[in-house]
Amino acid sequence: MFLYGLIALGGALGSVARYWLSGVIGSHYGETFPWGTFWANVTGCILIGFLATFALPGGRWLASSETRGFLIYGFCGGYTTFSSFSLQTLNLLREGDWLRAGGYVVGSVVVCLAGVWLGYILATLLSQPLKG
């Protein structure tokens, strides 16, 4: 249960960091393109790649499962879920499973975009005034 608390704390801090970074970048470069989200995803991917290599067994700094949970699953997960997606894709590629990696990338993008579209449609339908 302690590990879940650390992950939740890391997720909260990661979410706040993403919100802050998006705001700073958005106010500097404008909101025409989602640069804040883009850079949160990029920096989150760099961070999770570094941590997964540096702090896991065989890395230079073997961190405890609590520390890894806080940093990788909590902070990076709250900062950007794209980092987890990218790390999982990299792991499939490193294992030589190119077909699954490609399927995961294409499937995730297509299905998630369809999911956002479906949610939009449902919310639009539910937001219509009732006819009576």
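Helices are DSSP runs of H or I, at least four residues in length, numbered from the N terminus. In this predicted model, Ser108 has its place in one of these, helix α5. With a relative accessibility of 16%, Ser108 counts as buried, because the cut-off for that class is under 20%. A polar atom of the Ser108 side chain lies 2.7 Å from the backbone oxygen of Tyr104. Once neighbours within four places in sequence are set aside, the contacts of Ser108 are with Phe85, Gly103 and Leu113.

Helix α5 spans residues 98–127 and also holds Val111. Here the setting can be read from the accessibility: Val111 is at 56% and therefore counts as exposed, the cut-off being over 50%. Val111 contributes to a nonpolar surface patch of about 520 Å². The other members of this patch are Val105, Val106, Val109, Val110 and Leu113. Leu113 thus appears twice in this account, as a part of the patch and as a contact of Ser108.

Attention now turns to helix α4, which covers residues 81–94 and includes Thr89. Thr89 has a relative accessibility of 10%, so this residue is classed as buried. The side chain of Thr89 places a polar atom 2.9 Å from the backbone oxygen of Phe85. Phe85 is also one of the residues in contact with Ser108. Apart from neighbours within four places in sequence, Thr89 touches Ala101, Tyr104 and Val105. Of these, Tyr104 supplies the backbone oxygen that lies 2.7 Å from a Ser108 side-chain atom, and Val105 belongs to the nonpolar patch.

Phe82 is another residue of helix α4. Its relative accessible area of 39% makes Phe82 partly exposed. Where does Phe82 find contacts, leaving aside neighbours within four places in sequence? The partners are Asn41 and Cys45. Phe82 can also be related to Ala40: the two are 42 residues apart in sequence, while their C-alpha atoms are 9.2 Å apart in space.

Cys45, the contact of Phe82, is itself partly exposed, with a relative accessibility of 22%. Why does Cys45 form no bond to the closest cysteine sulfur? That sulfur belongs to Cys76 and is 9.0 Å away, which is too far, because a disulfide requires sulfur atoms within 2.5 Å. Cys112 is likewise in no disulfide, as the nearest cysteine sulfur, that of Cys45, is 14 Å away. By this rule, the disulfide count for the model comes to 0.

Terms used. Residues numbered from 1 in each chain as written. Predicted model: local features only at pLDDT ≥ 70, side-chain atom pairs only at ≥ 80, totals over all residues. Heavy atoms only, no water. Patch = residues over 30% accessible without salt bridge, like charges linked within 9 Å, V, L, I, M, F, W, Y side chains within 5 Å. Areas by Shrake-Rupley, 256 points an atom, 1.4 Å probe, with all protein chains shown as cover. Salt bridge = Lys/Arg side-chain N within 4 Å of Asp/Glu carboxyl O. Helix = DSSP H or I, 4+ residues; strand = E, 2+ residues; numbered from the N terminus. Buried < 20%, exposed > 50% of the residue type's maximum accessible area, 1.4 Å probe, protein only. Polar contact = N/O pair within 3.5 Å; in protein donor to acceptor, adjacent residues only side chain to side chain. Contact = heavy atoms within 4.5 Å.
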